[in-house]
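Biologist: I should be grateful for a close look at a single part of this model, beginning from one position and working outward to whatever surrounds it. Please keep the account connected, so that each element is placed in relation to its neighbours.

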Amino acid sequence: MASVMPRPGYTTITPYLVCANAAAAIDWYAKHLGAVERYRLPMAGGKVAHAELKLGDGIVMLADEFPAMGIAGPKTLAGSPVSLNIYVDDVDTVFAAMLADGAAELQPVTDQFHGDRSGKLTDPFGHIWHIATNMENPGIDEIKSRFAKMMEGSGQ
C-alpha cells in the first residue's frame, strides 16, 4: 500500500475545481468564502490554466474548462456527483449572501443531527457546497444514536 504524503504547504487531499469561467469563480470564492489567491497561470484569451486559492487552512486548485482536452466543468457535464463541505463562522449569513449572488439552494440551512448547522447549494459555476457552522461536538456513538432515531419511521 502506498503511503500518503502531502506536498509541503498543502493538506493530504486537495480539491481541484474546473469552471467555465475560472477568473469569475476566483472572485466569487474570495467574496463569499474569504479565499485568497496564491497564484494564477493565465493563458492567452483570459483563460486560467491553473490557480490556487487558500481557504482557511486548506488549498483549492482550479482551472478553466478545456472540453477539447476532456477537462469539463459541472455545467458542461450537466452536474457533478462531488460536493465540498466548508466550515464558516456564520452559516446563515454566508449562505444567504451566496444565494443573493447567484447560488441556487439545494437544501435550506438547518440544524443537523451530527452537530453542525448547514445548508447545501450549487454555486454559479455548478459546484455543490455544504456550508456549515459547527454548533456542538457529539461523540461518534451519539451521532450514530441520533442517526438511528432520525431514520426510524423514515421508510429508508
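Modeller: Asp27 counts as exposed, because its relative accessibility is 52% and the cut-off for that class is over 50%. The model is a predicted one. Asp27 belongs to helix 1, and I shall take that helix, with the partner against which it packs, as the part to be examined. Looking back along the chain from Asp27, one finds Leu17 ten residues away, with 14 Å between the two C-alpha atoms.

Some context for the whole chain is useful at this point. The chain holds three helices and eight strands, and from the N terminus on these elements follow the order β-α-β-β-β-β-α-β-β-β-α. The C-alpha trace spans about 55 × 40 × 30 Å along its principal axes. Of the 156 residues, 35% are buried. When contacts between residues at least 6 apart in sequence are considered, 50% of them join residues at least 24 apart.

The partner of helix 1 is helix 2. Helix 1 covers residues 22–33 and helix 2 covers residues 91–100; they pack at an angle of about 150°, and their axes lie 10 Å apart. The crossing of helix 1 over helix 2 is right-handed. On the side of helix 1, Trp28, His32 and Leu33 make the contact, and they meet Val94, Ala97 and Met98 of helix 2. By class, the residues of this contact comprise five nonpolar and one polar, with no charged residue among them.

Which residues of helix 2 are buried? They are Val91, Val94, Phe95 and Met98. Viewed down the axis of helix 2, these buried residues fall within an arc of 95°, and they therefore line one face of the helix. Two of the buried residues, Val94 and Met98, also take part in the contact with helix 1. The cover over the buried residues of helix 2 includes helix 1 together with strand 6 (104–111), strand 7 (116–122) and strand 8 (128–134). Helix 2 lies across these three strands, strand 6, strand 7 and strand 8, and runs at about 10° to strand 7. After helix 2 comes Gly102, which has a positive phi near 105°.

The strands beneath helix 2 lead to the sheet of which they are part. This is an open sheet of four strands in the order 5-8-7-6, with mixed pairing. Strand 5 and strand 6 are its edges, each pairing on one side only. From one strand to the next the twist averages 15°. Strand 5 is joined to strand 8 by five bridges in the parallel sense, and here Tyr87 has Ala132 of strand 8 as its bridge partner. In the loop between strand 4 and strand 5 (83–87) lies Ala78. Ala78 has a positive phi of about 60° although it is not a glycine, and with a relative accessible area of 76% it is exposed.

Returning to the chain beyond helix 1, one reaches another group of paired strands. Strand 2 (residues 36–42) pairs with strand 3 in the antiparallel sense, over six bridges. The two form a hairpin with five residues between them, and Gly45 in the turn takes a positive phi of about 85°. Strand 3 in turn runs antiparallel to strand 4 (residues 58–64), to which five bridges join it. The hairpin of strand 3 and strand 4 has two residues between the strands, and in it Gly56 has a positive phi near 60°.

Strand 3 thus has strand 2 as one partner and strand 4 as another. Ala51 illustrates this arrangement: it faces Arg40 in the pairing with strand 2 and Leu62 in the pairing with strand 4. Strand 3, spanning residues 48–55, is mostly covered, with six of its eight residues buried. In a regular strand, side chains point alternately to the two faces of the sheet.

To return to the starting point, Asp27 is an exposed residue of helix 1, whereas its neighbour in sequence, Trp28, is one of the residues that join helix 1 to helix 2.

Methods. Residues are numbered from 1 along each chain as its sequence is written. This is a predicted model: local features need pLDDT of at least 70, side-chain atom pairs count only at pLDDT 80 or more; totals for chains, interfaces and linings use all residues. Side-chain values use heavy atoms; hydrogens and water are left out. Axes are lines fitted to C-alpha atoms, for helices over the stretch in contact, and angles run from 0 to 180 degrees between N-to-C directions. A crossing is left-handed if the near helix is turned anticlockwise from the far one by less than a right angle, and right-handed if clockwise. Contact means heavy atoms within 4.5 Å. Ala, Val, Leu, Ile, Met, Phe, Trp, Tyr, Cys and Pro count as nonpolar, Asp, Glu, Lys and Arg as charged, and the others, Gly among them, as polar. Buried means under 20% relative accessible area, exposed over 50%, partly exposed in between (1.4 Å probe, protein chains only). The arc is that of the directions from the helix axis to the C-beta atoms. Two strands pair if DSSP finds at least two bridges between them.
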